Structure formats: structure tokens, C-alpha cells
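Open the model in your viewer and keep the selection tool at hand. We will go stop by stop.

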Amino acid sequence: MSTDDPLCCGRSARLTTGAEIYPRQPHLHGRHFYICDACKGYCGTHRGSTRSLGTPAGPALRFERQHLHAHVIDPLWMEAELCGAYEDKPPRVVHQIRKRARQRVYEFLADRLGISEQDCHVGMFDMTRCAAAAEALAGVDYPQIREWARRRDAVERRPSAPTPRDSIAAI
Ligand SMILES: [Zn+2]
């Protein structure tokens with residue numbers, strides 16, 4: 001047990017491997033997981049490490065998190081270059097647009113939820129926060145988030161000197 005172990009049900013989750021979590025999926029046996037012995041919830045780790053990807057979750061919470069990712073958050077940034085704001089889209093720029101869009105979506109969500117960006121990871125959300133996130137993003141599209149971010153950046157830059165004219169500034 002270390003201070004890095006994620007908490008669940010009021011105590012540290014236990015480090016284990018895929019052999020315990022997915023006994024019939026040998027390709028996962030070498031991966032690390034954290035399991036909560038109280039509720040049997042689990043979560044994965046960053047590849048090649050024992051650093052957790054969030055907090056343990058049982059089937060219902062895993063479903064909510066996956067739903068939030070696949071149907072609410074990811075669609076906002078994954079094709080951000082098609083939102084109508086960008087004309088010229090060579091592959092390198094598309095990559096930058098999506099990367100920045102992803103960052104802005106999480107910043108926007110953190111702002112709406114009143115939490116820090118550090119805490120704004122779906123893998124750390126409980127049921128209540130999953131529901132709050134879905135509500136906060138309902139009816140919001142990427143152009144709105146982009147406008148929000150650009151206004152925020154404009155305020156933050158003032159009164160410092162000229163707006164940077166690199167390509168990223170236009171994204
Ligand atoms: Zn638990």
C-alpha cells in the first residue's frame with residue numbers, strides 16, 4: 001500500500017494484475033489494476049506502470065463513465081476540425097485542432113463543474129459527477145466551447161503585449 005493507491009469505499013484499493021480481474025483474457029494478465037475488496041470495483045493503470053487511471057468502479061459506474069466518454073465528451077473534440085470554424089485542414093493542423101479541442105473541452109467542463117482541471121478526469125468521476133458532467137455539456141457544441149476559451153484567453157492576455165501570431169493562436 002502506498003499513498004498513490006486510489007481510494008474506494010473509504011480505504012486504499014489493492015494493487016493486483018489482470019490475472020485476477022480478467023482471468024480469461026491472458027493478454028491482460030501482465031497489466032496492473034487496483035481492486036476494492038469491499039465493493040469489487042476496479043480500475044486500470046497507465047501502461048507499464050502501477051499509476052492508477054482513476055478510482056475503482058463497479059459495473060454501473062464503469063457503464064456511466066464509458067457512456068460519458070463515448071457519447072458526451074469525445075464527440076465534442078474528436079472531429080473538432082469539422083465544426084465549421086476551420087477552412088484549411090492539412091493533417092498536422094487537424095492534429096493540433098483536436099488536441100487543443102480536447103484540452104478546452106476538459107477546461108470548460110472543469111469550469112462548469114467548479115472543480116480543478118486536475119480533478120476533471122472521467123476515470124475519477126463518481127455517479128453524481130458523471131450525471132453533473134452530462135448535464136453541464138448537454139446542448140453544448142464545440143464552437144461554443146472554442147468561443148468560451150478564446151474569450152477567456154483574451155482576458156488573461158490583457159494587458160500584456162501583442163497577441164501571438166503563430167498558427168496555434170488561430171486555432
Ligand atoms: Zn469500493
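Start inside this predicted model. Select Trp 77, Ala 101, Val 105, Leu 109, Ala 133 and Tyr 142. These residues have the most contacts inside the largest nonpolar core, which has 18 residues. Which elements give two or more residues to this core? Colour helix 2 (59-77), helix 3 (91-113), helix 4 (127-137) and helix 5 (142-157), and you have them. Helix 3 gives the largest share, 5 residues.

Now click on Ala 133. Set aside its neighbours within four places in sequence. What is Ala 133 in contact with then? Show Leu 68, Val 72, Leu 109, Leu 113 and Phe 125.

Another core lies apart from the one you have just seen. This one has 8 residues. Select some of them: Cys 8, Ala 13, Phe 33 and Ala 57 are among them.

**Two helices that cross**

Hide everything but helix 3 and helix 4. They pack at an angle of about 110°. Their axes are 10 Å apart. Those two values are the usual description, since two packed helices are described by the angle between their axes and the distance between the axes. Are helix 3 and helix 4 roughly parallel or roughly perpendicular to each other? An angle from 65 to 115 degrees counts as roughly perpendicular, so roughly perpendicular is the answer for helix 3 and helix 4.

Next, show the side chains where they meet. On helix 3, pick Leu 109, Arg 112 and Leu 113. On helix 4, pick Arg 129, Ala 132, Ala 133, Ala 136 and Leu 137. Ala 133 turns up again here; its contacts with Leu 109 and Leu 113 were part of the earlier stop. How many residues of each class does this contact have? Count 6 nonpolar, no polar and 2 charged residues.

**The strands**

Bring the rest back and move to strand 3 (residues 14-17) and strand 4 (residues 32-35). They run antiparallel, joined by 4 bridges. Select Leu 15 and look across to strand 4: its bridge partner there is Tyr 34.

Strand 4 also pairs with strand 5 (residues 42-44). This pair runs antiparallel too, with 3 bridges. What is the bridge partner of Ile 35 in strand 5? Select Tyr 42 to see it.

Follow the chain from strand 4 to strand 5. The two strands form a hairpin with 6 residues between them.

**Two residues with positive phi**

Stay in that turn and select Lys 40. Its phi is near 65°, a positive value in a residue other than glycine. Lys 40 is partly exposed, because 13 other C-beta atoms lie within 10 Å.

Now go to Cys 9. Where is it? Look in the loop between strand 1 (7-8) and strand 2 (11-12). Cys 9 has a positive phi of about 50°, although it is not a glycine. Cys 9 counts as partly exposed, because it has 13 C-beta neighbours inside 10 Å.

**Zoom out**

Show the whole protein as a cartoon. It has 5 helices and 5 strands. Trace the sequence and read off the pattern β-β-β-α-β-β-α-α-α-α. Turn the model around: the C-alpha trace spans about 55 × 35 × 30 Å along its principal axes. Of the 171 residues, 21% count as buried. Last, think about contacts between residues at least 6 apart in sequence: 45% of them join residues at least 24 apart.

Note on methods: Residues are numbered from 1 along each chain as its sequence is written. This is a predicted model: local features need pLDDT of at least 70, side-chain atom pairs count only at pLDDT 80 or more; totals for chains, interfaces and linings use all residues. A residue is buried if 20 or more other C-beta atoms lie within 10 Å of its own, exposed if 12 or fewer, and partly exposed in between; C-beta atoms are placed from the backbone. Two residues are in contact if their C-beta atoms, placed from the backbone, lie within 7 Å. A nonpolar core is a set of buried Ala, Val, Leu, Ile, Met, Phe, Trp, Tyr and Cys residues joined through C-beta atoms within 7 Å. Axes are lines fitted to C-alpha atoms, for helices over the stretch in contact, and angles run from 0 to 180 degrees between N-to-C directions. Angles under 35 degrees count as roughly parallel, over 145 as roughly antiparallel, 65 to 115 as roughly perpendicular and the rest as oblique. Ala, Val, Leu, Ile, Met, Phe, Trp, Tyr, Cys and Pro count as nonpolar, Asp, Glu, Lys and Arg as charged, and the others, Gly among them, as polar. Two strands pair if DSSP finds at least two bridges between them.
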